[in-house]
Amino acid sequence: MKRLLISTSLMLAIVASANAAADDGSRLWLHDIPAADAATSGTGDTAPLDIAFSELKAAGLADSVYLVRSNDNKDLGPEGFCITRNKDIALINSPSDKGLLYGTYRYLQLHRLGVAIPADGISSGPKFPRRILNHWDNLDGTIERGYAGHSLWKWDELPDSLSSRYREYARANASIGINGTVLNNVNASPKMLSTDYLKKVAAIADVMRPYGMQVYLSVNFATPMALDSLPTADPLDPAVAEWWERKADEIYSLIPDFGGFLVKANSEGQPGPHDFGRTHADGANMLARALAPHNGIVMWRAFVYSPSDPDRAKQAYLEFEPLDGQFDPNVIIQIKNGPIDFQPREPYSPLFDGLHATPTMAELQITQEYLGHANHLAYLAPMWKEFFNYVSPDSMVAVAGVANIGDDVNWTGNPMAQANWWAFGRLAWDPSLLSRDIADEWLRLSVLTSEPPADVHSALVGMMETSREDVVDYMMPLGLHHLFAFGHHYGPEPWCDIPGARADWLPVYYHRADSAGLGFDRSSTGSNASAQYAEPFRSMVDSISTCPDRFLLWFHHAPWNHRMQSGKTLWEELCYRYDAGVKGADNLLEAWRTAAPWIDPEIYSDVEKRLLTQTVDARWWRDACLEYFRTFSGLDYPADIEQPQRKLPDMKKIDLGISNYENPSIPLLDSKR
Ligand code: GCW
């Protein structure tokens, strides 16, 4: 066993700094550990170890924690670690320096949480070798679907000037085990691969490296044409393949540990191999061959929906399943969790069932594009757990999360949305963790200034746990999806029908309300999307009598008087679901208010304002959807729900859609609360 024992003499007491000054949210879950003290100039192979020492030193634990590099726990993978205790000394043990860094951060978290290391120690290794953030950041500093300010990456200042936030970002990610970042939007500018920009990327990569983070880039498939005037980007043209090989050589000469490419091809107007009569496999493999000599990978997205079938939910499977087995080994197909697009609830994507001979990875969305942006609380760990319940993490080689991070002081706009960044990292490391434990730790490491009474604490955890389901209930319960106003994906416009727009961008395409009922028939009597799933899910959702209520209107056009599993009719259940969503939003606010004394005042009032907006928006959603669907059902509301307040003609007069794209908001009609 190779051993490396190090300790320093400094012994400081941990000082809870959270109470000392107003909290602007910038310190994330790393509160008590002063970032400046944990700075390191370390570069090269031992940099993660240098950082681990600095962190322990800054926390005053350098004397009581030993880092041991050993090969004893190989089955936890190269990044895994064990923490054991011998009297007053903690031993962190890993085969790699990166593993020691991860173990150190975990130890520091447990220490702050007051969790004692059990007698048999703690062993932990990451489920997915690649745990990656995807930034949809544009080179002009805007962020597609970003709600926390502008991009962190200051391209105009790079490479000469480095924002201090790059290191803070790397550190935050390392502290939760995230080991990769795609810096730019999948709607990628060809300029990203210009030499000038690659030097900027290299400067960022130098900051990420000591923290164990690899940098990746999204690439535009037609870059050789746009950047170097090649007449084609045909993947089977030798000159094109050679261009990419040279580009890869250039990238690796600047960034030796570059991770690889993420590609959105032939999707929403992006160029791709289909433009040249080639397949996704032709395109992906050509890039993969350019990267293979450098150990780089291609993450090829399956988010495609060329209208080859009248049901958009089927299209990714239709395009990719026939290509199974045709991809090079360093290609991973990156699949959104659901078949459409990050809706508040979707069934899992059947493409996970369709690819057997091709490595896959899940793309989850941390930014709340469809869950109330930075205004609404929606703690997403329960949603991701739900997904991993259907699709085994064992079937994937990596996981990506579309980041919710911008240059706002508190990183994520809504302070509570930091929990989703944290939760993504925690679940990417270990998808078997419980979402309530993840929430509990985050609350104690980030938001709470001192420990509240047990009932308050559990109300806070409870509010996080139910919040996503509340959003589903007041926006799109029972399998409804995409009822958003056109463009910004914030407010409801179930009636939205824009002449000339793609049908599958419009709510009426998805909900199909008529006097007979509601929902999209994707069963064998309809589009037969259910047939893309493996058994037993296929049969379960195909039959209206066994389809779970939560997916009913995704898979069936159900009659208004359909008997739900609850025993209520569809119409009644719909009304009660929207009502439950509104009540749920009220409860979130209530729970938050009970916790006020234990939360920093600045964060408290910021979140309170947002929760208030959420209660108003929830009612707007309920009113818009129920009033509109009632024009089809012709039925009355149950007497025991809070009755919708607004009338359809009034709501239709307010344009929540494309003309308010830049600054979506639902007018605060009811802010008296
Ligand atoms: O959800 C849709 C978004 C687009 C996004 C696209 C994608 C980056 O509305 O903004 O583009 O998905 O995932 O490619």
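**Why is it called that? A predicted model, term by term**

In this predicted model, 15 residues surround the ligand, and the closest are Glu144, Lys264, Lys336, Asp341 and Glu369.

Q: What makes lysine 264 a polar contact of the ligand?
A: A polar side-chain atom of lysine 264 lies 2.6 Å from an oxygen atom of the ligand. The cut-off for a pair of N or O atoms is 3.5 Å, so this pair counts.

Q: How do you know that arginine 145 and asparagine 187 make polar contacts with the ligand too?
A: Try the 3.5 Å limit again. For arginine 145, a polar side-chain atom is 2.8 Å from a ligand oxygen. For asparagine 187, a side-chain N or O atom is 3.3 Å from an oxygen atom of the ligand. Both values are within 3.5 Å, so both pairs count.

Q: Is the ligand mostly buried or mostly exposed?
A: Mostly buried. Taken alone, the ligand exposes 340 Å², and the protein buries 97% of that.

Q: What kind of space does the ligand take up, and where does that space rank?
A: It's a pocket, the second largest one.

Q: How many residues of the shell around the ligand count as charged?
A: Eight are charged, next to three polar and four nonpolar ones.

Q: Why is the pair of aspartate 257 and arginine 209 called a salt bridge?
A: The closest N and O atoms of the two residues are 3.0 Å apart. The limit for a side-chain nitrogen of Lys or Arg and a carboxyl oxygen of Asp or Glu is 4 Å, so the name fits. The structure holds 40 salt bridges.

Q: What does the pair of aspartate 257 and arginine 209 tie together?
A: Aspartate 257 sits in the loop between helix 6 and strand 8, and arginine 209 in the loop between helix 4 and strand 7, so the pair links parts that are 48 residues apart in sequence.

Q: Which omega values go with the cis peptide bonds at proline 159 and proline 536?
A: From leucine 158 to proline 159, omega is about 0°. From glutamate 535 to proline 536, omega is near 5°. Proline 159 lies in the loop between strand 5 and helix 3, while proline 536 lies in the loop between strand 13 and helix 15.

How values were computed:
Residues are numbered from 1 along each chain as its sequence is written. This is a predicted model: local features need pLDDT of at least 70, side-chain atom pairs count only at pLDDT 80 or more; totals for chains, interfaces and linings use all residues. Side-chain values use heavy atoms; hydrogens and water are left out. A residue is near a molecule or strand if one of its heavy atoms lies within 4 Å of it. A polar contact is a pair of N or O atoms within 3.5 Å; within protein, one must be able to donate a hydrogen and the other to accept it, and residues adjacent in sequence count only if both atoms are side-chain atoms. Accessible areas come from the Shrake-Rupley method with a 1.4 Å probe; for residues, only the protein chains shown count as cover. On a 1 Å grid over the protein atoms alone, a cavity is a set of points where a 1.4 Å probe fits but cannot get out, and a pocket is an open set with protein on both sides within 12 Å along at least five of seven lines; lining residues have an atom within 4 Å of a point. A molecule sits in a cavity or pocket if more than half of its atoms lie within 2 Å of its grid points. Ala, Val, Leu, Ile, Met, Phe, Trp, Tyr, Cys and Pro count as nonpolar, Asp, Glu, Lys and Arg as charged, and the others, Gly among them, as polar. Helices (H or I, at least four residues) and strands (E, at least two) are DSSP runs, numbered from the N terminus.
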